[in-house]
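Me: I'd like to go through the labels on this model and see what each one rests on. Can you take them in turn?

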Amino acid sequence: MTEYNKNNPFHAKIKERYLLNKEGSTKSTYHIVVDTKGGNFSYKVGDSLAIIPNNELFEVEEILSLLKKNDNESIVDPRTQATSSLKHYFLTRVNLSRITVPLMKMIFQYEREPKKKAILDHLLEENNKEERSEFIASHDLLDFFRMYPLSHLPTQELLCSLSPLLPRFYSIASSQLVVNDEIHLLVATFTYQQGQKIKSGLGSHFLAIGAEVNKTPIQTYVHPTPSFVLPEDSNAPIIMIGPGTGVAPYRGFLQERTRENAKGKNWLIFGERNRSYDFYYEDFFLALEKENRLRLDLAFSRDQEEKIYVQHKLLENSRDVWE
């Protein structure tokens with residue numbers, strides 16, 4: 001098996017993607033099929049898939065324009081020593097949401113306008129850590145370079161001052177025994193506020209919306225989770241507690257146990273907001289329940305006046321849990 005990692009990812013593609021929530025839901029959660037054919041991948045149920053997302057193209061292009069940089073300038077990745085174009089590096093390797101202290105120090109060194117230099121000097125003072133942290137938390141790189149659009153920054157020095165774009169990890173929602181050269185994911189999109197901006201989660205937005213099906217390369221590798229596995233004894237009973245997208249690995253567990261005709265009892269406690277809209281993989285789980293392969297306890301928090309969560313189901317069935 002080829003050893004893929006964050007410095008040597010496999011370039012997969014999304015084979016299939018569809019929304020799991022029904023009309024009326026307050027959420028957007030997607031089933032995503034990643035095609036790993038040709039990658040000689042091997043994974044176990046319970047493992048995670050690492051995804052290195054792409055940044056938004058418009059943000060990268062504006063930053064390079066502000067810095068008056070040539071998109072095609074050849075650079076050396078300061079961490080891996082690999083060569084690429086500057087634009088590709090910003091798209092795939094730079095955390096655009098994070099302003100680093102080394103970057104602020106570098107800009108301070110090259111800034112010539114007294115007022116702008118004074119602001120940085122103030123933020124970088126040792127006793128201004130809290131104010132500096134607040135500034136960093138409420139601004140991203142695009143904000144920062146709009147404030148400091150310096151055109152004479154040495155490219156390699158700039159790259160060394162930037163925060164790396166780290167992988168996002170998603171629990172694998174499939175068994176390789178069943179889906180072969182595919183990896184299934186359950187991905188929920190979300191937004192958050194950074195300063196005056198409402199931003200989308202980078203990894204989830206990239207997988208669910210940004211990447212084109214059967215076209216956009218997805219940088220990826222398997223992240224083993226050796227402590228989260230099915231019991232070796234297929235006769236052993238298992239209790240799976242998975243609210244929301246936390247149910248993802250248990251779909252893989254149940255696919256595998258069904259394929260191997262394991263005799264152990266399976267019990268899933270799943271929770272979400274509304275049964276009518278947010279019951280992920282409903283047909284799959286109900287079919288297993290009908291075949292007496294699965295005990296299913298459900299906690300849909302907004303289907304009644306008093307909210308019910310998975311912990312309430314655990315307490316309600318505490319005797320069975322204990323046994």
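Reply: Sure. Of the 323 residues in the protein chain, 47% count as buried. Bear in mind that this is a predicted model.

Me: What makes N292 exposed?
Reply: The relative accessible area of N292 is 71%. Exposed means over 50%, so N292 gets that label. N292 lies in the loop between α12 (282-290) and β13 (295-300).

Me: And what is the phi of N292?
Reply: Phi is near 60 degrees there, a positive value in a residue other than glycine. N180 has a positive phi too, about 55 degrees, and is not a glycine. N180 sits in the loop between α8 (176-179) and β7 (182-188).

Me: Why is I239 called partly exposed?
Reply: I239 has a relative accessible area of 42%. Buried is under 20% and exposed is over 50%, with partly exposed in between, so I239 is partly exposed. I239 belongs to strand β11 (residues 238-243).

Me: How do you know that I239 can be part of a nonpolar surface patch?
Reply: A patch residue needs over 30% relative accessible area and no salt bridge. I239 is at 42%, so the area condition is met. I239, I241 and V321 make a nonpolar surface patch of about 210 Å².

Me: How do you know that R251 has no salt bridge?
Reply: The nearest side chain of opposite charge, E182, is 7.9 Å away from R251. A salt bridge calls for a side-chain nitrogen of Lys or Arg within 4 Å of a carboxyl oxygen, so R251 and E182 do not form one. R251 is buried all the same, which means its relative accessible area is under 20%.

Me: Where is R251, and what is R251 in contact with?
Reply: R251 is in helix α10 (residues 248-259). Leaving aside neighbours within four places in sequence, R251 is in contact with H31, A173, S174, H184, Y281, F284 and F285. Each of those pairs has heavy atoms within 4.5 Å, because that is what contact means here.

Me: Now the whole chain. How many helices and strands are there?
Reply: The protein chain has 14 helices and 13 strands. Along its principal axes, the C-alpha trace spans about 75 × 50 × 35 Å. For contacts with a separation of 6 or more, residues 24 or more positions apart account for 73%.

Me: How far apart are the mean positions of the positive and negative charges?
Reply: They are 2 Å apart, for 40 positive and 43 negative charges. As for the surface, the protein chain exposes about 17000 Å², and carbon and sulfur atoms supply 49% of it.

Terms used
Residues are numbered from 1 along each chain as its sequence is written. This is a predicted model: local features need pLDDT of at least 70, side-chain atom pairs count only at pLDDT 80 or more; totals for chains, interfaces and linings use all residues. Side-chain values use heavy atoms; hydrogens and water are left out. Helices (H or I, at least four residues) and strands (E, at least two) are DSSP runs, numbered from the N terminus. Buried means under 20% relative accessible area, exposed over 50%, partly exposed in between (1.4 Å probe, protein chains only). Accessible areas come from the Shrake-Rupley method with a 1.4 Å probe; for residues, only the protein chains shown count as cover. Lys and Arg count as positive and Asp and Glu as negative; His and the chain ends are not counted. The place of a charge is taken as NZ of Lys, CZ of Arg, CG of Asp or CD of Glu. Patches are made of residues with over 30% relative accessible area and no salt bridge: like charges are joined within 9 Å, nonpolar side chains (Val, Leu, Ile, Met, Phe, Trp, Tyr) within 5 Å.
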